[in-house]
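Could you walk me through this model in the viewer, one selection at a time? I would like to know what to pick next and what I will find there.

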Number of protein chains: 2
Amino acid sequence: MERNDTEGQLLNFRKTLEQIIPLSDSEWKMISRKFNLMEAPKRTQLTKEGQIATSIYFINKGLLRIFYTKEDVEITGFIFSEGLFASCYESFLLQTKSNQTLETLEDCVLLTIDHSELQTLYKEVPALNIIGRVVAEQRFINGQRILSSHLLDSPEERYRQFSDQYPGLLMRVPQHIIASYLGITPVSLSRIRKRISRK
Amino acid sequence: MERNDTEGQLLNFRKTLEQIIPLSDSEWKMISRKFNLMEAPKRTQLTKEGQIATSIYFINKGLLRIFYTKEDVEITGFIFSEGLFASCYESFLLQTKSNQTLETLEDCVLLTIDHSELQTLYKEVPALNIIGRVVAEQRFINGQRILSSHLLDSPEERYRQFSDQYPGLLMRVPQHIIASYLGITPVSLSRIRKRISRK
DNA sequence: AAAGGACGTTAACAATTGTAAAGAAATTAC
DNA sequence: GTAATTTCTTTACAATTGTTAACGTCCTTT
C-alpha cells in the first residue's frame with residue numbers, strides 16, 4: 001500500500017457491518033479499537049491444521065481459502081473473497097484443534113480480532129451479537145447451498161454454476177484448487193472443461 | 001400423549017436453551033409464552049417447496065427431514081432428531097420461497113414459533129440473540145462437517161460414518177432416504193451394504 | 001384374505017470418475 | 001535468461017456409480 005490509510009480500511013469495514021445493523025459512534029469506537037489491521041503475503045497460513053484458530057479475519061483485499069489435507073493432497077473447502085470474514089470457523093467457535101488450514105491465495109489486507117477479544121466485545125457491545133448471529137446465519141446459508149449442489153448436481157453442473165456465479169475467481173484461483181472445491185480431481189475438471197468447450 | 005403435560009415439554013425445552021445460556025425466570029416466561037406446543041403425525045409437510053417457511057420447530061419427540069425435489073425424485077438434505085430446531089432455515093431467515101420441504105418422518109411433538117414472533121422476542125429478550133447466534137453456529141458446524149465428508153470421503157466411508165454416528169437412525173429411517181442424504185442412489189447404497197457385509 | 005403399493009436387492013450395461021504416468025505450457029526462482 | 005517448479009492437459013486402464021428393469025418381501029388398505 002502507498003501509505004498507512006488505516007482509516008479507509010476501517011471505514012470499509014464499518015460500512016459492511018452497518019449493512020447488518022446501524023452502529024452508534026461509541027459502539028463503533030469500541031469495535032474498531034479491538035480490530036487490528038494486518039497485511040499477509042500470498043501463501044501465508046493464518047491457521048494451520050492441528051492448531052486452534054485464534055482469530056477471524058475480515059477481508060479488505062485479497063483472497064483466502066481453507067483446505068483439508070487427505071493423504072498429502074490438499075482439498076479446498078471454501079474460497080473467501082473481499083467483504084467476508086475468513087476463518088477456520090468451527091475451530092474458532094469451539095476453540096478446538098482445526099482440521100483445516102486457512103491460507104491466503106493472494107497478498108491480503110485483513111482486519112483481525114482474536115477469540116477472547118471478541119468475547120469481551122460481545123459483552124461490551126450487545127449489538128455485536130446480532131452481527132455475530134447474522135454472520136453465522138450467512139455462513140450457514142452459504143454452506144447449505146454448496147452442500148445442496150453436491151446432492152443435486154453433477155460435477156459438470158457444479159462447475160458451470162461456479163463459473164457463472166464467480167467468473168472472477170476463475171481467473172484468480174488455480175484450477176486444481178477449484179477442482180477440489182467442486183469435489184473432483186484436476187484431471188476430471190480438465191475433462192469437463194473440454195466437454196463444455198466443444199458445445 | 002396420555003394427557004396435557006405441556007409443562008413437561010416446556011421444561012425439556014428450557015433445559016436445552018439453558019445449555020447455551022442461563023435464563024432468568026422472567027426471560028423464560030417471555031420466551032415460553034411465545035412458543036406453541038403442537039403435534040404432527042408422520043408425513044406432515046410443515047413447510048412446502050415454493051412456500052416461505054413461517055416457523056421453526058423445536059423437536060421434543062420424533063424425527064423430521066428436509067428434502068429437495070429434482071425431476072420428481074426426493075433428495076434428503078438433512079435429518080433432524082430430538083433436541084434440534086428443525087426448519088427450512090434459509091427460507092425462514094431470509095423469508096424467501098423455500099427450495100426444500102420440511103416433513104415429519106414420525107409422529108412428532110414440537111414447540112413452534114413463527115418468524116415475526118421471534119423477531120419480537122429478539123427485541124424483548126436480548127439474551128435470545130446469543131441463543132440464536134449459537135444455534136446458527138451449530139447448524140453451520142453441522143453443515144460444514146457434512147460438506148467436508150462429501151469432499152473427503154467416498155460414499156462407502158460416508159455410509160460407515162453415518163452408521164457409526166447415528167446407529168439409531170439406521171433403524172428409524174428408510175434406506176432410500178439415507179441413500180439420498182449420502183448423495184447416492186438406493187441401488188448404490190444397497191451395493192455398498194453388501195460390500196461391507198462381506199468383510 | 002386379497003390387492004396394491006412401498007421398499008430393498010440384484011443384474012446388466014452405459015457413463016463418469018478416479019488413478020497413474022507422461023508431456024506441454026506457464027509461472028516462479030535464482 | 002535459464003533452470004526449476006508448478007500447473008494443466010492428455011492418455012489408458014480400473015473402479016465406482018448411475019440407469020433401467022425385474023423380482024421378492026413387507027406393510028398397508030380395503
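Here is a tour in four stops, beginning with the two protein chains and ending with the two DNA strands. Please keep in mind along the way that this is a predicted model.

**Stop 1: where the protein chains meet**

Select chain A and chain B and colour them separately. On the chain B side, 34 residues are in contact with 34 residues of chain A. The area buried between the two chains comes to about 3100 Å², and carbon and sulfur atoms account for 65% of that area. To see where chain B contributes, highlight B:Arg133, B:Phe140 and B:Leu151: these lose the most area to chain A, together 22% of what the chain B side buries.

Next, switch on the charged side chains. The rule finds six salt bridges across this interface. For one to zoom in on, pick A:Arg145 and B:Glu90, whose side chains meet in a salt bridge at 2.5 Å, N to O. If you then display polar contacts between the chains, eight residue pairs qualify, with both partners at pLDDT 80 or more.

Now show chain B as a cartoon. Which elements of chain B each supply at least two residues of the side that touches chain A? They are strand 4 (64-70), strand 5 (73-80), helix 3 (89-94), helix 5 (127-152) and helix 8 (175-182). Select helix 5 of chain B for a closer look, as it provides the largest share of that side, 17 residues. Colouring the chain B side by residue class gives 16 nonpolar, 10 polar and eight charged residues.

**Stop 2: a sheet in chain B**

Stay with chain B and pick out its open sheet of four strands, which has the order 1-8-3-6 and antiparallel pairing. At the edges you will find strand 1 (36-40) and strand 6 (85-86), each pairing on one side only. Follow strand 6 inward to its partner, strand 3 (residues 55-61): two bridges join these antiparallel strands. To land on an individual position, select B:Tyr57, which stands opposite B:Ala86 in strand 6 of chain B.

**Stop 3: DNA strand C**

Now select DNA strand C and show the residues around it. There are 17 of them, and those that come nearest are A:Ser188, A:Arg191, B:Gln175, B:His176 and B:Ser190. Which parts of DNA strand C lie within 4 Å of the protein? Of those atoms, 66% belong to sugar or phosphate and the rest to bases.

Three side chains let you visit a phosphate, a base and a sugar or linking oxygen in turn:

- A:Thr185 has a side-chain N or O atom 3.2 Å from a phosphate oxygen of DNA strand C.
- A:Arg191 places a side-chain N or O atom 2.8 Å from a base nitrogen of DNA strand C.
- B:Ser190 has a side-chain N or O atom 3.2 Å from a sugar or linking oxygen of DNA strand C.

Return to the cartoon and highlight helix 9 (186-197) of chain A, along with helix 8 and helix 9 (186-197) of chain B; each supplies at least two residues of the surface near DNA strand C. Helix 9 of chain B gives the largest share, five residues. By class, this surface has five nonpolar, six polar and six charged residues.

**Stop 4: DNA strand D**

Finally, move to DNA strand D. It has 17 residues around it, of which A:Gln175, A:His176, B:Ser188, B:Arg191 and B:Arg195 come nearest. Sugar or phosphate makes up 68% of the DNA strand D atoms within 4 Å of the protein, with bases making up the rest.

Show backbone atoms here as well as side chains:

- A:Gln175 has a polar backbone atom 2.7 Å from a phosphate oxygen of DNA strand D.
- A:His176 brings a backbone N or O atom to 2.9 Å from a phosphate oxygen of DNA strand D.
- A:Ser190 has a side-chain N or O atom 3.2 Å from a sugar or linking oxygen of DNA strand D.

The elements giving two or more residues to this surface are helix 8 (175-182) and helix 9 of chain A, together with helix 9 of chain B. For the last selection, choose helix 9 of chain A, which gives the most to the surface near DNA strand D, with five residues. Coloured by class, that surface has five nonpolar, six polar and six charged residues.

Terms used: Residues numbered from 1 in each chain as written. Chains lettered and ligands numbered in written order. Predicted model: local features only at pLDDT ≥ 70, side-chain atom pairs only at ≥ 80, totals over all residues. Heavy atoms only, no water. Contact = heavy atoms within 4.5 Å. Buried area = accessible area lost by both parts, 1.4 Å probe. Salt bridge = Lys/Arg side-chain N within 4 Å of Asp/Glu carboxyl O. Polar contact = N/O pair within 3.5 Å; in protein donor to acceptor, adjacent residues only side chain to side chain. Nonpolar A, V, L, I, M, F, W, Y, C, P; charged D, E, K, R; others polar. Near = heavy atom within 4 Å. Pairing = 2+ DSSP bridges.
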